[in-house]
Protein chains: 2
Amino acid sequence: MSAITFFTSVNEQLQFVEQRMREQAGDGQHPDLKSALEHLLSAGGKRIRPTLGLLVGNMLGAPEEKLVTLGASVELLHTATLVHDDLIDGALLRRGMPTLNARWSPAATVLTGDFLFSRAAKLAAETDYLPLMKLFAETLGIIVNGELTQMFSSHGMIDRNNYYNRIYAKTASLFEMSALAATMVATEDEEIRSAMKAFGYEVGMAFQIVDDILDFAGDQSTVGKPIGSDLLNGLVTLPAIYFAEANPYNEDVLSLPGGGWKETARVQRLVDAIRESRAIGQALEEARKAVSRALNSLDVAPTSPEKDALEDLAKFIVDRKI
Amino acid sequence: MSAITFFTSVNEQLQFVEQRMREQAGDGQHPDLKSALEHLLSAGGKRIRPTLGLLVGNMLGAPEEKLVTLGASVELLHTATLVHDDLIDGALLRRGMPTLNARWSPAATVLTGDFLFSRAAKLAAETDYLPLMKLFAETLGIIVNGELTQMFSSHGMIDRNNYYNRIYAKTASLFEMSALAATMVATEDEEIRSAMKAFGYEVGMAFQIVDDILDFAGDQSTVGKPIGSDLLNGLVTLPAIYFAEANPYNEDVLSLPGGGWKETARVQRLVDAIRESRAIGQALEEARKAVSRALNSLDVAPTSPEKDALEDLAKFIVDRKI
């Protein structure tokens with residue numbers, strides 16, 4: 001099975017998820033809101049979170065209707081956080097497309113994000129399962145809390161724990177929710193639930209670590225934003241942490257907590273040094289280990305084509321674009 | 001019983017609501033977020049929404065713990081919408097206190113609003129009752145949708161239906177939710193649920209109509225914002241609608257849909273004319289009728305001190321500050 005066959009296996013269900021998301025802009029919504037949603041949804045993205053939920057749910061025999069609803073809820077929640085994030089960062093491009101706030105007023109952007117939150121919550125409620133609503137509320141709390149922490153934390157800080165907490169809140173929490181929610185509508189077996197939760201968590205952590213590697217080692221045209229942009233924003237990610245640990249007396253490293261990340265020339269030099277160092281490989285190795293823990297959690301499930309697809313998804317996470 | 005005795009009767013429970021709200025900033029939250037919440041909560045307000053829920057729930061024998069949780073959820077949801085609203089309007093003062101966005105960056109303000117949404121959802125989930133979570137998600141949808149409609153609708157539009165939809169979304173929906181949610185944790189009797197929902201709806205509509213009257217007829221120091229500020233923002237509220245209906249050929253009225261609301265001198269003249277016209281009395285009469293429908297819905301409940309208090313609350317809505 002080739003690395004992206006796993007998308008194909010849920011292709012039809014992903015179309016249903018897409019449709020469910022687009023329906024949220026229907027029924028008496030304002031045309032401008034509709035066109036905003038259309039813009040956001042057509043910008044696309046890989047829909048990796050719904051794919052994860054669909055594959056897990058299919059493997060465990062969950063009802064398709066609930067998986068589609070959950071997939072739409074998770075992806076809209078993700079989209080809502082992106083809309084507010086882009087506003088906060090003043091980002092003008094995402095995935096190579098203009099962001100909402102590049103075209104709209106901040107007011108309309110705030111409200112569109114709020115609208116997406118409300119629709120994600122409504123879809124989660126439509127699953128008719130209270131523990132899922134709780135999971136939804138908790139995950140939303142974790143994500144927002146993570147964003148607040150990131151905003152308030154001193155930038156340029158080199159701190160492994162801070163980094164892991166941050167990528168859990170930002171990314172892995174929603175992967176975790178996606179996998180766990182799909183399991184919850186399939187089985188009450190606690191062992192399977194906890195294994196699938198762990199699968200989502202590990203895959204999500206690996207996904208973000210690889211994203212952070214691509215910010216150093218990727219190709220600008222593929223990544224869709226300037227190389228080193230995290231560091232330029234004061235965010236010290238895993239490759240930079242490994243580099244800093246190996247080169248504690250490096251002048252550029254030492255400058256970071258005091259604001260050195262604001263100096264473009266310095267950051268460029270540091271980015272080049274990190275790209276050429278062992279740090280990239282070490283970070284990648286860490287992502288690979290997370291994927292391998294994820295694969296171990298799949299042991300609770302018997303062999304099946306869906307399980308194979310989940311293994312492919314996990315491996316794809318570290319192999320993409322590198 | 002004097003008009004504000006109804007607050008006294010739930011005073012102790014309101015303290016629990018207050019405490020539950022403040023707890024949301026605890027446990028590892030960032031000090032800046034804590035101080036923002038402290039600022040928002042200390043700005044106070046009458047806590048009329050939780051009071052409504054507590055009185056309804058007490059009357060129907062609902063468990064106090066759930067009423068307190070619901071009250072905190074409703075008030076945090078309300079606060080979240082205010083935070084985003086103030087950001088959108090660029091408002092610097094609310095209730096005579098600096099707004100969050102007067103002191104903070106837009107980014108921090110967006111995220112603090114999101115944080116409050118997430119905590120309101122979490123509290124709603126803590127009631128452990130799925131229909132409540134659905135009600136919460138629906139109400140959030142109605143509120144946000146109303147704000148979007150308000151933003152996109154042509155300002156200066158003189159339209160009764162648009163007005164009623166707007167104040168339902170903005171205010172009455174949350175009063176309705178507050179009364180209905182408190183009923184839902186007390187009884188499954190559909191007649192009582194629908195009567196209490198109607199009570200919340202009517203009281204909420206009356207509340208907003210009176211607010212809109214105060215924007216014309218109130219005293220600037222009591223209202224806390226300049227007289228006529230709705231009209232200056234292009235929002236045509238009930239007193240202006242009555243005035244326009246009685247004076248369809250008034251030059252200032254005719255100018256509104258085309259942007260006349262942007263001319264300060266014109267709006268000032270119109271505000272003075274409305275203040276001296278029968279429109280104020282007509283709008284007030286409409287609020288009184290809503291309250292009287294609210295009182296009729298109370299017929300489903302037997303006489304009790306809590307029912308008396310609810311009657312007082314309903315009457316207080318139209319009598320305050322006029």
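**Exercise 1. Determine whether B:Phe136 is buried or exposed, and describe its surroundings.**

Step 1. B:Phe136 has 28 C-beta neighbours inside 10 Å and therefore counts as buried. The criterion places C-beta atoms from the backbone and calls a residue buried if 20 or more other C-beta atoms lie within 10 Å of its own, exposed if 12 or fewer, and partly exposed in between.

Step 2. The residue belongs to helix α8 (residues 130–152) of chain B. Helices (H or I, at least four residues) and strands (E, at least two) are DSSP runs, numbered from the N terminus.

Step 3. Leaving aside residues up to four places away in sequence, B:Phe136 touches B:Ala121 and B:Ala124. Two residues are in contact if their C-beta atoms, placed from the backbone, lie within 7 Å.

Step 4. B:Glu176 is 40 residues from B:Phe136 along the chain, and the C-alpha atoms of the two are separated by 11 Å.

The model is predicted: local features need pLDDT of at least 70, side-chain atom pairs count only at pLDDT 80 or more, and totals for chains, interfaces and linings use all residues. Residues are numbered from 1 along each chain as its sequence is written, while chains are lettered from A and ligands numbered from 1 in the order in which they are written.

**Exercise 2. Compare the expected and actual spans of helix α7 (residues 106–126) of chain B.**

Step 1. The expected span of a helix is 1.5 Å times one less than its number of residues.

Step 2. For the 21 residues of α7(B) this gives 30 Å, and the end C-alpha atoms are 30 Å apart, which agrees.

Step 3. As to burial, 17 of the 21 residues of α7(B) are buried, so that the helix is mostly covered.

Step 4. Just after α7(B), B:Asp128 adopts a positive phi of about 60°.

**Exercise 3. Locate A:Arg47 and A:Asp128, and state what their phi values are.**

Step 1. Most residues other than glycine have a negative phi.

Step 2. A:Arg47, which is not a glycine, has a positive phi near 55°. Its place is the loop between α3 and α4 (48–60) of chain A, and its 19 C-beta neighbours inside 10 Å make A:Arg47 partly exposed.

Step 3. A:Asp128 is likewise not a glycine and has a positive phi of about 60°. A:Asp128 lies in the loop between α7 and α8 of chain A and, with 14 C-beta neighbours inside 10 Å, counts as partly exposed.

**Exercise 4. Establish how chains A and B are related and how they meet.**

Step 1. Chain A superposes on chain B by a rotation of 180° with 0.0 Å of shift along its axis (RMSD 0.0 Å). The two copies are thus related as by a two-fold rotation axis. The superposition is by least squares on the C-alpha atoms of residues with pLDDT of at least 70 in both copies.

Step 2. Among the residues of chain A, A:Leu130 comes closest to the rotation axis, at 2.6 Å (C-alpha).

Step 3. The contact takes 34 residues from chain A and 34 residues from chain B. On the side of chain A that touches chain B, α8(A) supplies the largest share, 14 residues.

Step 4. That side of chain A divides into 20 nonpolar, 6 polar and 8 charged residues. Here Ala, Val, Leu, Ile, Met, Phe, Trp, Tyr, Cys and Pro count as nonpolar, Asp, Glu, Lys and Arg as charged, and the others, Gly among them, as polar.

Step 5. Since 100% of the interface residues of chain A are also interface residues in chain B, the copies meet through the same surface.
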